[in-house]
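The following explanation leads the reader through one structure, moving from side-chain pairs to strands and then to the nonpolar interior. Please keep the sequence and the model in view while reading.

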Amino acid sequence: MDALREAEAKLTVYVHPSNAADVRRAVARQLSSLLFSYKDRFDGVLLAHEATVESEQGKILNGLVPYFGVPVHANLLLYSPKPDMMLEGKVEMLGKESIHAIVLGVFSAAIMSDDIHEKFKFKRKKYGGKFASRSDKQHVIKKGSMIRFSVKRVDAEMNCHVTGSLIPPHTGSMLWLSVHDDEYALEINSRKRSRDIKIKTEQHEQDHSAKSSGRKHKSKSRKRSFEER
């Protein structure tokens with residue numbers, strides 16, 4: 001997804017003196033307090049972090065409670081949607097005037113009637129409704145559907161609430177697009193290949209690590225056996 005990005009940052013985390021005995025844990029707790037909220041310094045919402053304390057000799061601040069600043073190198077995973085990016089979300093609610101979706105299970109998005117392509121016609125049902133394409137009845141958007149849409153506006157003050165659009169090409173029901181949209185189908189296959197390569201690489205590294213560990217263990221065992229003789 002375009003809106004997900006990784007970043008590296010050098011930060012100063014301020015730790016209370018009562019946590020001086022376990023600085024690394026205190027730093028992790030401070031960073032975790034920033035999760036799932038928009039921060040200007042990151043230009044997005046922090047989803048995950050992995051931090052390394054560069055030095056436990058922090059600079060003590062002046063004041064009644066002398067916090068000390070700890071230099072940290074952090075790898076960050078951020079949700080940072082921008083206009084014209086493509087997002088994917090699950091439809092939670094819809095009506096004739098709008099479609100409301102959830103992105104990544106957390107972030108809200110709304111697509112208003114002016115931004116729903118005219119090819120879609122809303123059909124009201126007894127227990128809700130759905131948008132169906134006039135040109136292909138199989139292209140349907142209803143509650144629970146996964147949709148792909150373009151970002152129109154982002155409201156940072158509402159934790160990156162997105163106003164989206166279903167007018168640009170390659171948008172609509174992801175199930176339908178995966179079969180009938182060549183560009184989207186190619187993107188899915190590319191993602192799958194990248195994921196498979198990553199998994200195989202990680203498995204290879206784990207196997208190599210296990211074999212190396214086994215060889216070291218055997219070497220130590222032989223050494224002990226020789227010394228006992």
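Lysine 82 has a relative accessibility of 32% and therefore counts as partly exposed, since that class lies between the 20% limit for buried and the 50% limit for exposed residues. The model is a predicted one, and every value below is computed from it. The side chain of lysine 82 meets that of aspartate 43 in a salt bridge, with an N to O distance of 2.9 Å. This pair links distant parts of the chain, for aspartate 43 sits in the loop between strand S2 (38–39) and S3, lysine 82 sits in the loop between strand S5 (68–79) and S6, and the two residues are 39 apart. Aspartate 43 is partly exposed as well, its relative accessible area being 32%.

Aspartate 43 also leads to a second residue, tyrosine 38. The side chains of tyrosine 38 and aspartate 43 make a polar contact of 3.4 Å. Tyrosine 38 belongs to strand S2 and, with a relative accessibility of 21%, counts as partly exposed. Beyond the residues up to four places away in sequence, tyrosine 38 touches Asp43, Gly44, Val45, Ala156, Asn159 and Cys160. From tyrosine 38 to tyrosine 79 there are 41 residues in sequence, while the C-alpha atoms of the two are 8.8 Å apart in space.

How many salt bridges does the structure hold? There are four, and the pair of aspartate 43 and lysine 82 is one of them. Another is formed by the side chains of lysine 10 and glutamate 54, at 2.8 Å from N to O. Lysine 10 lies in strand S1 (residues 4–15) and glutamate 54 in the loop between S3 and strand S4 (59–60), so this salt bridge ties together parts that are 44 residues apart in sequence. Lysine 10 is exposed, with a relative accessible area of 63%, whereas glutamate 54 is partly exposed at 44%.

A further salt bridge joins glutamate 187 to arginine 148, and the closest N and O atoms of this pair are 2.8 Å apart. Because glutamate 187 lies in helix H3 (residues 182–228) and arginine 148 in strand S12, the pair ties together parts that are 39 residues apart in sequence. Is arginine 148 buried or exposed? Arginine 148 is buried, with a relative accessible area of 7%, a value under the 20% limit. Its partner glutamate 187 is partly exposed, with a relative accessible area of 28%.

Strand S12 leads in turn to strand S6. These two strands run antiparallel and are joined by five bridges; within the pairing, lysine 90 stands opposite methionine 146 in S12. Strand S6 is also joined to S7 by five bridges, and this pair likewise runs antiparallel. Here methionine 93 stands opposite histidine 100 in S7, and a hairpin of two residues connects S6 to S7. Strand S6 is mostly covered, as seven of its 10 residues are buried.

Histidine 100 provides the next step, into strand S7 itself. Its side chain makes a polar contact of 3.1 Å with the side chain of serine 98. Serine 98 is found in S7, which spans residues 98–103. At 12% relative accessibility, serine 98 counts as buried. Apart from neighbours within four places in sequence, serine 98 is in contact with Ile111, Met112 and Phe131.

Which residues have the most contacts inside the largest nonpolar core? This core has 25 residues, and those with the most contacts inside it are Tyr79, Leu87, Ile99, Phe131, Ile141, Ile147 and Phe149. At least two residues of the core are supplied by each of strand S3 (44–53), strand S6 (86–95), S7, strand S8 (107–112), strand S9 (120–125) and strand S12 (146–155). The core also draws at least three residues from each of domain 1 (4–79) and domain 2 (85–182). Apart from this core lies another, of 18 residues, among them Leu11, Val53, Val72 and Leu76.

Isoleucine 99 shows the surroundings of one core residue. Its contacts, with neighbours within four places in sequence left aside, include Val91, Met93 and Leu94, as well as Ala109, Ala110 and Ile111. Phe131, Ile141 and Ile147 are also in contact with isoleucine 99, and these three are among the residues with the most contacts inside the core.

Key:
Residues are numbered from 1 along each chain as its sequence is written. This is a predicted model: local features need pLDDT of at least 70, side-chain atom pairs count only at pLDDT 80 or more; totals for chains, interfaces and linings use all residues. Side-chain values use heavy atoms; hydrogens and water are left out. Helices (H or I, at least four residues) and strands (E, at least two) are DSSP runs, numbered from the N terminus. Buried means under 20% relative accessible area, exposed over 50%, partly exposed in between (1.4 Å probe, protein chains only). A polar contact is a pair of N or O atoms within 3.5 Å; within protein, one must be able to donate a hydrogen and the other to accept it, and residues adjacent in sequence count only if both atoms are side-chain atoms. Contact means heavy atoms within 4.5 Å. A nonpolar core is a set of buried Ala, Val, Leu, Ile, Met, Phe, Trp, Tyr and Cys residues joined through side-chain atoms within 4.5 Å. Domain bounds come from an automatic or database domain assignment. Two strands pair if DSSP finds at least two bridges between them.
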